[in-house]
Amino acid sequence: GSNDARAGFLDDVDGMERAIKALKHTTTKIKPPAANGKTEFEAAVKAAITDGCKNVLLYIASHGSKESVTMGSGSYTAADMKKLIEANPTVTFKVVIQACKSGSWVEPLKDKVEIIETATDSTKSSYSADPDTASDPNPADKGSEFTSGLVEDLELIPNSPVAQIFIQQCMMGFPPLISGKPPLVCQLEWAYRSAV
């Protein structure tokens, strides 16, 4: 996404990488694209797929507008991501977007991904820089409020009996007759619900 350190995006990417690794998933951190963000981003995703990755979480932290985020010196759109996903039908994708108006990505991607989580709806700004006010529930965090909350709760999973029960039920399909979901989807669902 963006390399805007003042907005907390670099801390966001570091935090997500740390949390996902702690859950025993392999990660590949892509440096914020410098020039042609779309080309660099898609090349990195394709390289991971070529290396055999069949289960991909795309996390983007950036400035955003309707169905678009800043990436390098250009932008990346929901339509671009949809094409990337459709070009890789044997891969399952999960998407998390920390950006203003990121909720506008839900509709174009909802039938293409296993899960999509966004920092806000399709009309509102997200809190990029972490204000750490007196009412902040996690004043020692770094990065954006959305991602820092998500990371904090992802990091709680290994030691939280409540999280473990939710995730096991989610993976098994609970209540009965609902098919189960993959572990990372269940982990993201729990962290998102817990953080909210």
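Which residue forms a salt bridge with E107? In this predicted model, the partner is K110, and the closest N and O atoms of the two side chains are 3.2 Å apart. Side chains of opposite charge can pair when their charged atoms come close. The two members of this pair do not fall in one accessibility class: E107, at 54% relative accessibility, counts as exposed because the cut-off for that class is over 50%, whereas K110, at 40%, counts as partly exposed.

The pair E107 and K110 belongs to a wider set, for the count of salt bridges comes to 8. Another of them joins K21 to E17, with 3.6 Å between the closest N and O atoms. Both residues sit in helix α1, which spans residues 9–22, and because they are 4 residues apart there, about one helical turn separates them. K21 has a relative accessibility of 47% and is therefore partly exposed.

A further salt bridge links K112 with E86, and here the closest N and O atoms are 2.9 Å apart. K112 lies in the loop between α4 (106–109) and β6, while E86 belongs to helix α3 (residues 78–86), so this pair ties together parts that are 26 residues apart in sequence. Both ends are partly exposed: K112 has a relative accessibility of 34%, and E86 has a relative accessible area of 41%.

Attention now turns to the sheets. Strands of a sheet pair through backbone hydrogen bonds, either parallel or antiparallel. One open sheet in the model has 3 strands in the order β1-β5-β6, and its pairing is parallel. The edges are taken by β1 (55–61) and β6 (115–118); each has a single partner strand, so one side of each is left without a neighbour in the sheet. On average, neighbouring strands of this sheet are turned by 10° against each other, direction ignored.

Within this sheet, β5 (residues 92–98) pairs with β6 in the parallel sense over 4 bridges. Two positions help to locate the pairing by eye. V96 stands opposite E117 in β6, and I97 has T118 of β6 as its bridge partner. The side chains of β6 point in two directions: I115 and E117 go one way, I116 and T118 go the other way, and all are buried.

Two helices can be placed against the parallel sheet. Helix α2 (residues 37–50) lies across β1 and β5 and runs at about 160° to β1. Helix α7 (residues 183–195) lies across β1, β5 and β6, and its direction makes an angle of about 25° with β6.

A closer look at α7 brings in E189, a residue of this helix. Is E189 buried or exposed? With a relative accessible area of 14%, E189 is buried, because that value falls under the 20% cut-off. Apart from neighbours within four places in sequence, E189 is in contact with I115, E117, F166, C170 and K181. Among these contacts, I115 and E117 are the residues that point one way from β6.

A second open sheet also deserves a visit. It has 3 strands in the order β2-β3-β4, with antiparallel pairing. Here β2 (64–65) and β4 (74–77) stand at the edges with a single partner strand each, so one side of each has no neighbour in the sheet. The strands β2 and β3 (residues 68–71) pair in the antiparallel sense over 2 bridges, and S65 stands opposite S68 in β3. Helix α2 appears again at this point: α2 lies across β3 and β4, running at about 50° to β4. This helix thus has strands of the parallel sheet and of the antiparallel sheet beneath its course.

Finally, the nonpolar interior can be described. The largest nonpolar core has 24 residues, and those with the most contacts inside it are L150, L154, I157, I167 and W190. At least two residues of this core come from each of α1, β1, α5 (145–156), α6 (161–172) and α7. Helix α7 supplies the largest share, 6 residues. What is L154 in contact with, leaving aside its neighbours within four places in sequence? The list consists of M16, A19, I20, L23, Q187, L188 and A191. Apart from this core lies another, of 22 residues, which includes F41, M81, W105 and V113.

Terms used
Residues are numbered from 1 along each chain as its sequence is written. This is a predicted model: local features need pLDDT of at least 70, side-chain atom pairs count only at pLDDT 80 or more; totals for chains, interfaces and linings use all residues. Side-chain values use heavy atoms; hydrogens and water are left out. Two strands pair if DSSP finds at least two bridges between them. Axes are lines fitted to C-alpha atoms, for helices over the stretch in contact, and angles run from 0 to 180 degrees between N-to-C directions. Contact means heavy atoms within 4.5 Å. A salt bridge is a side-chain nitrogen of Lys or Arg within 4 Å of a carboxyl oxygen of Asp or Glu. Buried means under 20% relative accessible area, exposed over 50%, partly exposed in between (1.4 Å probe, protein chains only). A nonpolar core is a set of buried Ala, Val, Leu, Ile, Met, Phe, Trp, Tyr and Cys residues joined through side-chain atoms within 4.5 Å.
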